[in-house]
Amino acid sequence: MDSDALNTFLVVHRRGGISNAAKALHRSQPAISRRIALLEQELGVPLFERIAGKTRLSDAGRVMVPYAERAVAAAQDAENAVRALLRDNSGPVALAVTGTLAGERLSKVLKRFARRHPDVALTLRTATSAEVSDLIRRGEATIGLRYDRDRSGDLDCEVLFAEPLGVVCAPDHPLAGRRVGRLADLRDERWIAFPEVPGRREITASHVFALFLTHGLGEVDWTPVDSLTAQKRLVEAGLGIALLSRSNAAEELRASSIATIRVGNLTASHEVVAVTRHGGFLSAASRRLLEIIRADFTKARGTNTSRRNGVRRA
């Protein structure tokens, strides 16, 4: 059993069949079928089943997936470690981030990194927090940025800072720029939030509902919108209010196209976390990118504390 066979198995699984896997791997369908057949022969069990014309994992295949992912990632680590001996701060670096973190702060980080390491091929993927962890776990990304810690033991999670959340509204909203005493005062508003999609849950989708339940206020009237940009446009148009971090709303707040509503009994935040694979290889370039992320994102911790204390930094 070698890493190529395991990788072929994973691609067939992820692409949903031999044909799609052959296209992804640039091989013929017979070659892919033969590779899977040899692996199944070696293991003595079928890894896939044909159900209603579709290729599905067998019970043995489902057991195999996490072990195959770790083995393929370890093989990639070994190759990267050896190749790193031949170059200094060059080669590929793969970053995966939760979509709502791909804002101004991340742009500054990437610009700084690219300026210092022009020979590094940096790729960026956006995903939900759960998907970011999966990309790191499979070795498809080397560094991840997500909300809240992943509790699985195969990942290392480093909390960079806790980002406060606040209520935003249209500038002409009756409560724009004002303070309300309780979250209950906003119970009758229409809220705009990320949808909760089964199997693809985004942590920020739960904040609004969890807050109202925690305060014993029950369910709220809300509109599910799966794009942060679309959420802000709806808020600007006066079609609802939303719970956003200051960094996500920074541009609109500067332009005064949206406003804030201060809530007396509301204390809400989410942790921004850097994720790497436990024991995984990080090239010199990857380590440097992680250092820049730490320096820039951790700086936000002090900035947010100052804002909460009513102090502005020069």
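The following dialogue discusses aromatic pairs, strands and selected residues in a predicted model.

Trainee: How are the rings of F9 and F48 arranged: stacked, edge-to-face or tilted?

Mentor: A pair of aromatic rings is described by the distance of the centres and the angle of the planes. For F9 and F48, the centres are 5.5 Å apart and the planes stand at 50°. Planes under 30 degrees apart count as stacked and those over 60 as edge-to-face. The angle of 50° falls in neither class, so the pair is tilted.

Trainee: How many residues apart along the chain are F9 and F48?

Mentor: F9 belongs to helix α1, residues 3-15. F48 belongs to strand β1, residues 48-51. The pair thus links distant parts of the chain, and the separation is 39 residues.

Trainee: Is F48 buried or exposed?

Mentor: A residue counts as buried under 20% relative accessible area. Its partner F9 has a value of 0% and is buried. F48 has 15%, which is under the cut-off, so F48 is also buried.

Trainee: The structure holds two aromatic pairs; which helix contributes F297 to the pair with F161?

Mentor: F161 and F297 form a tilted pair, with 6.4 Å from centre to centre and 50° between the planes. Both F161 and F297 are buried. F161 lies in strand β6, residues 155-169, and F297 is 136 residues away from F161 along the chain. The helix that holds F297 is α10, residues 284-308.

Trainee: Which residue has its charged end over the ring of F297?

Mentor: A charge of this kind must be within 6 Å of the ring centre. Another case in the model is R70, whose charged end sits over the ring of Y67 at 5.0 Å from the centre. For F297, the distance to the ring centre is 5.6 Å, and the residue is R105.

Trainee: What is the area of the nonpolar surface patch that includes L43?

Mentor: L43 lies in helix α3, residues 29-43. At 32% relative accessibility, L43 counts as partly exposed. A residue needs over 30% to belong to a patch, so L43 passes that cut-off. Together with M1 and V45, L43 makes a patch of about 240 Å².

Trainee: In which sense do strands β8 and β10 pair?

Mentor: Strand β8 covers residues 190-193 and strand β10 covers residues 241-245. There are two bridges between β8 and β10, and I192 has A242 as its bridge partner in β10. The sense of this pairing is parallel.

Trainee: Which residue in β9 is the bridge partner of W191?

Mentor: Strand β8 also pairs with strand β9, residues 221-224. This pairing is in the parallel sense and runs over four bridges. The bridge partner of W191 in β9 is W222.

Trainee: Is H26 buried or exposed?

Mentor: H26 is found in the loop between α2 and α3. H26 has a positive phi of about 60° although it is not a glycine. A residue counts as exposed over 50% relative accessible area. The value for H26 is 75%, so H26 is exposed.

Trainee: What is the phi of D148?

Mentor: D148 is located in the loop between β5 and β6. With a relative accessible area of 24%, D148 is partly exposed. D148 is not a glycine, yet its phi is positive, at about 65°.

Conventions. Residues numbered from 1 in each chain as written. Predicted model: local features only at pLDDT ≥ 70, side-chain atom pairs only at ≥ 80, totals over all residues. Heavy atoms only, no water. Phe/Tyr/Trp six-rings, centres within 6.5 Å; stacked < 30°, edge-to-face > 60°. Buried < 20%, exposed > 50% of the residue type's maximum accessible area, 1.4 Å probe, protein only. Lys NZ or Arg CZ within 6 Å of the ring centre and 35° of its normal. Patch = residues over 30% accessible without salt bridge, like charges linked within 9 Å, V, L, I, M, F, W, Y side chains within 5 Å. Areas by Shrake-Rupley, 256 points an atom, 1.4 Å probe, with all protein chains shown as cover. Salt bridge = Lys/Arg side-chain N within 4 Å of Asp/Glu carboxyl O. Pairing = 2+ DSSP bridges.
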